[in-house]
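Reader: I'd like a close look at one part of this protein: pick a spot on the inside and walk me through it. Then zoom out and tell me how the rest fits around it.

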Amino acid sequence: MPTYIYRIQPVRPEMLSAGLTAEETRITGEHFDYLQRLMREGALILAGRTLNSDYSAFGIAIFNARDDEHMRKITARDPGVAQKLFRAEWFPYRIALHAPENGTKE
């Protein structure tokens, strides 16, 4: 199954420095729930975001998807993207090295 890297950025970068509005909080929760569902279903490999709060902040996720069309659907169904809280782009991606056990080390 092909792998894709997914990059999102807030449409309103101030949400990270000044705080989220009530609507942004709701949408962010829906976005997180969606990612958790995709993880349970086996499509999402990992997800996270940078810790900076300026215009350059972004999140990434790595997905398994059947093909480009499937990845388009994953993107379109993301509540954060569909409700225009985030802009998204994705690219076919090949994981060259992976050691998931390193994520648990301190």
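Author: Let's settle one word before anything else: a residue is buried when its relative accessible area is under 20%, exposed when that is over 50%, and partly exposed in between, using a 1.4 Å probe and counting protein chains only. By that rule Glu24 is buried, because its relative accessible area is 8%. A quick word on what you're looking at: it's a predicted model, where local features need pLDDT of at least 70, side-chain atom pairs count only at pLDDT 80 or more, and totals for chains, interfaces and linings use all residues. Residues are numbered from 1 along each chain as its sequence is written, and side-chain values use heavy atoms, with hydrogens and water left out.

So, Glu24. You'll find Glu24 in helix H2, which covers residues 22-40. Helices here are DSSP runs of H or I with at least four residues, strands are runs of E with at least two, and both are numbered from the N terminus. What does Glu24 touch, once neighbours within four places in sequence are set aside? Its contacts (heavy atoms within 4.5 Å) are Arg12, Met15, Gly19 and Leu85. Pro13 sits eleven residues from Glu24 in sequence, and their C-alpha atoms are 12 Å apart.

Move one place along and you reach Thr25, also a helix H2 residue. Thr25 is partly exposed, with a relative accessible area of 46%. Between the C-alpha atoms of Thr25 and Gln9 there are 15 Å of space and 16 residues of chain.

Now over to strand E1, where Thr3 has its place. Thr3 counts as buried at 15% relative accessible area. Leaving out residues up to four places away in sequence, Thr3 still touches Ile45, Ile62, Phe63, Asn64, Phe91, Pro92, Tyr93 and Ile95.

Keep Phe63 in mind while we turn to the aromatics. Across the whole structure, a search turns up two aromatic pairs. For that search, rings of Phe, Tyr and Trp (its six-membered ring) pair if their centres lie within 6.5 Å; planes under 30 degrees apart are stacked, over 60 edge-to-face, and the rest tilted. One of them is Tyr4 with Trp90: the ring centres are 5.4 Å apart and the planes meet at 80°, so this pair is edge-to-face. Since Tyr4 belongs to strand E1 (residues 3-10) and Trp90 to strand E4 (residues 86-93), the pair ties together parts 86 residues apart in sequence. Tyr4 and Trp90 are buried.

Then there's Tyr6 with Phe63, also edge-to-face, at 5.4 Å centre to centre with 85° between the planes. Tyr6 is in strand E1 and Phe63 in strand E3 (residues 59-64), so here the linked parts are 57 residues apart in sequence. Both of these residues, Tyr6 and Phe63, are buried.

Tyr6 and Trp90 come up again at Thr75. That threonine is in helix H3, residues 68-77, and at 10% relative accessibility Thr75 is buried. Besides residues up to four places away in sequence, Thr75 touches Tyr6, Val81, Ala88 and Trp90.

For an outside view, try Lys84, in the loop between helix H4 (79-82) and E4. Lys84 is exposed, with 64% relative accessible area. The phi angle of Lys84 is near 60°, a positive value in a residue other than glycine. Ala61 is 23 residues away from Lys84 along the chain, with 18 Å between the C-alpha atoms.

Time to zoom out. The chain has four helices and four strands, and from the N terminus they run β-α-α-β-β-α-α-β. Of the contacts in the chain with a separation of 6 or more, 68% join residues 24 or more positions apart. Buried residues make up 32% of the 106 residues.

As for overall size, the C-alpha trace spans about 40 × 35 × 25 Å along its principal axes. Its radius of gyration is 14 Å, which agrees with the value near 13 Å for a compact globule of 106 residues; the radius is taken over C-alpha atoms, and the globule rule is 2.2 Å times the number of residues to the power 0.38.
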